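Let's take a walk through a protein model and stop at a few spots worth a look. Keep the structure open and turn it as you read.

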Amino acid sequence: LGGYLCGPLLLILIGVQGSGKSTFCQSLIDNSDGRWCQFSQDTIRNGRPGTRHAVEEAAREALRNGKNVVIDRMHLDPEQRECFVRLGNQCQVPVHGLVTMASKEEVDDRVTRRVNHHGGVEGASGARIAVASLSKLKLPTYDEGFALLNYSRQAEGKLSDVYQRVDNNNSDKVHVPKTIALYDEGCFQLPMITLGTMNIRKQETATIISHAMQIGIESIDTAPTYNNENHVGAALGNTGNIIVTIKVPKRCSTKTQAREEVLKSLSLLQCSRVDIILLHWPCGLIAADTLSSVWKELESMVKEGICRAIGVSNFNIMALTNLLAGCTIKPALNQVERHPLLPQYDLLEYCDSQDIKIQAHSPLGNGSKLLLENDTIIRVAQESKMSPAQVLLCWNLQQSIPVVTKFSTEQHGKEAAVLLQSKVLGLSVQQMKAIDNISSFGDSHRFVAPPYMYRRGAPYSWGDTPPKI
């Protein structure tokens, strides 16, 4: 679902009554501009219940006409799913399965409150039937012939949004959102491109930030260790529509130190509040066993109005697991190094399961020739009439991953402006897959690899020894 999914395809919903299948379908159909058709055995006969065979024939016809099809049916076991998997194979389209997860309590409540259900599964009696069917659900596997399986408790949100973007015309243009919502309930919208200020020389800060705002950048990222917060603050002036991210540095190991650093950053930036506060590194806090107490201090800052969202940076799955075990407010964001040589798919999937957005820092590999002069990147850049840097940014953006990037020259800023102003991005499915294959053996290269993130057995560690950069 990485932003370059082509249709037509067959999506089979899997879940008991009251698990959210119909809500997902409604969201998908209402927002897909006619690219999707929904078929249900409960309504296949002019709004009345019908046969499975009728559903199959309607789905077959829609697929042959180039439509995407979603089947709204329980499909509790492999035998019930097999006929539709076979149908998709016959029509030569990918078959996806989406398991709509819900607890016993959620199913009971939803079905009890139902009225006028097409299949009559409603009220207390319907709830008993629905709850009883939970024990009959056998989770699908890839051995059944699925091209992709997804599991979700809130499928009508992000998964519906993704499937709405399925392109049935095999177009080389991929629609990409300009912002993403932090927290599923919508804390605020984070722009897809944020200006990073690491290693920007102090004397250039004002010029770079001014130019970035002129071309439409609405988000900026800084940190105490960048040693330029006062210059960033002076450059921002009284601009009120820029989203500002600051960080609690590694040197902080107590909640008192964390608050002091945040207040110092606010003073240097000449503002009373910021939008996002991130814990810059996990290592010191986990080693000192103060991750939980420092996080609770950040939670207090949200309640006090010092920031709107809190998050982390450079946290692996284990570090996040440690944090989530004791937090009240989940991190909205995990800012990590991500590019074709470090796709971090496992981390991406874990964060998605926890409703944590990934933001990619160092998307150009800190300007390394390993990326910018990679043969595949250069070929794709020539084919798409982009620069290698634009191609690398697009690779993340087309997967709906926002990026933090620097504009060390005016030309870099202009290249970013093209991406900001374009309604669609221009990497084809084939080009995206070619870039994916640069790191076909998984995460192969870090360009940001400080020694303190490598310690045998530590939950935050990226490995036993740092790589050679």
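## Rings and charges

Start with Lys250: its charged end sits over the ring of Tyr452, 4.5 Å from the ring's centre. Keep in mind that this is a predicted model. Something similar goes on at Trp462, where the charged end of Arg446 sits over the ring, 3.8 Å from its centre.

Those two rings have company. Tyr452 and Trp462 belong to one aromatic cluster together with Trp281 and Tyr454. So how many aromatic pairs does the model have? The count comes to four. One of them is Trp281 with Tyr452, an edge-to-face pair with 5.3 Å from centre to centre and 85° between the planes. Trp281 sits in the loop between β12 (276–279) and α10 (283–287), while Tyr452 is in the segment after α18 (429–436), so this pair ties together parts that are 171 residues apart in sequence. Are these two partners buried or exposed? Trp281 counts as buried, at 10% relative accessibility, and Tyr452 counts as partly exposed, at 34%.

Tyr454 and Trp462 make another edge-to-face pair, with 6.0 Å between centres and 80° between planes. Tyr454 is buried, with a relative accessible area of 11%, and Trp462 counts as buried too, at 17% relative accessibility.

## One face of a helix

Now find helix α12, which covers residues 317–324. Which of its residues are buried? They are Ala319, Leu320, Leu323 and Leu324. Look down the axis of α12 and you'll see these buried residues fall within an arc of 130°, so they line one face of the helix.

What do they pack against? The list takes in helices α10, α11 (291–304) and α13 (345–353), plus strands β13 (309–313) and β14 (333–337). You've met α10 already: the loop holding Trp281 lies between β12 and that helix.

Have a look at the start of α12 as well. There, a side-chain oxygen of Asn316 reaches to within 3.3 Å of the backbone nitrogen of Met318.

## Cysteines without a bond

How many disulfides does a search of the whole structure find? Zero. Take Cys25, which is in no disulfide: the nearest cysteine sulfur belongs to Cys37 and is 12 Å away. Cys25 counts as buried, with 0% relative accessibility.

Why does Cys351 not bond with Cys327? The closest cysteine sulfur to that of Cys351 is the one in Cys327, but at 12 Å it is too far for a bond. To be counted as a disulfide, the two sulfur atoms would have to be within 2.5 Å. Cys351 counts as buried as well, at 0% relative accessibility.

## A loop residue and its neighbours

Last stop: Thr43. You'll find this residue in the loop between β2 (36–39) and α2 (52–64). Is Thr43 buried or partly exposed? Its relative accessible area is 27%, so Thr43 is partly exposed.

Which residues does Thr43 touch, if you leave out those up to four places away in sequence? They are Arg48, Pro49 and His118. Gly119 is worth finding too: Thr43 and Gly119 are 76 residues apart in sequence, and in space they are 8.3 Å apart, C-alpha to C-alpha.

Definitions and conventions: Residues numbered from 1 in each chain as written. Predicted model: local features only at pLDDT ≥ 70, side-chain atom pairs only at ≥ 80, totals over all residues. Heavy atoms only, no water. Helix = DSSP H or I, 4+ residues; strand = E, 2+ residues; numbered from the N terminus. Buried < 20%, exposed > 50% of the residue type's maximum accessible area, 1.4 Å probe, protein only. Contact = heavy atoms within 4.5 Å. Phe/Tyr/Trp six-rings, centres within 6.5 Å; stacked < 30°, edge-to-face > 60°. Lys NZ or Arg CZ within 6 Å of the ring centre and 35° of its normal. Arc of directions from axis to C-beta. Polar contact = N/O pair within 3.5 Å; in protein donor to acceptor, adjacent residues only side chain to side chain.
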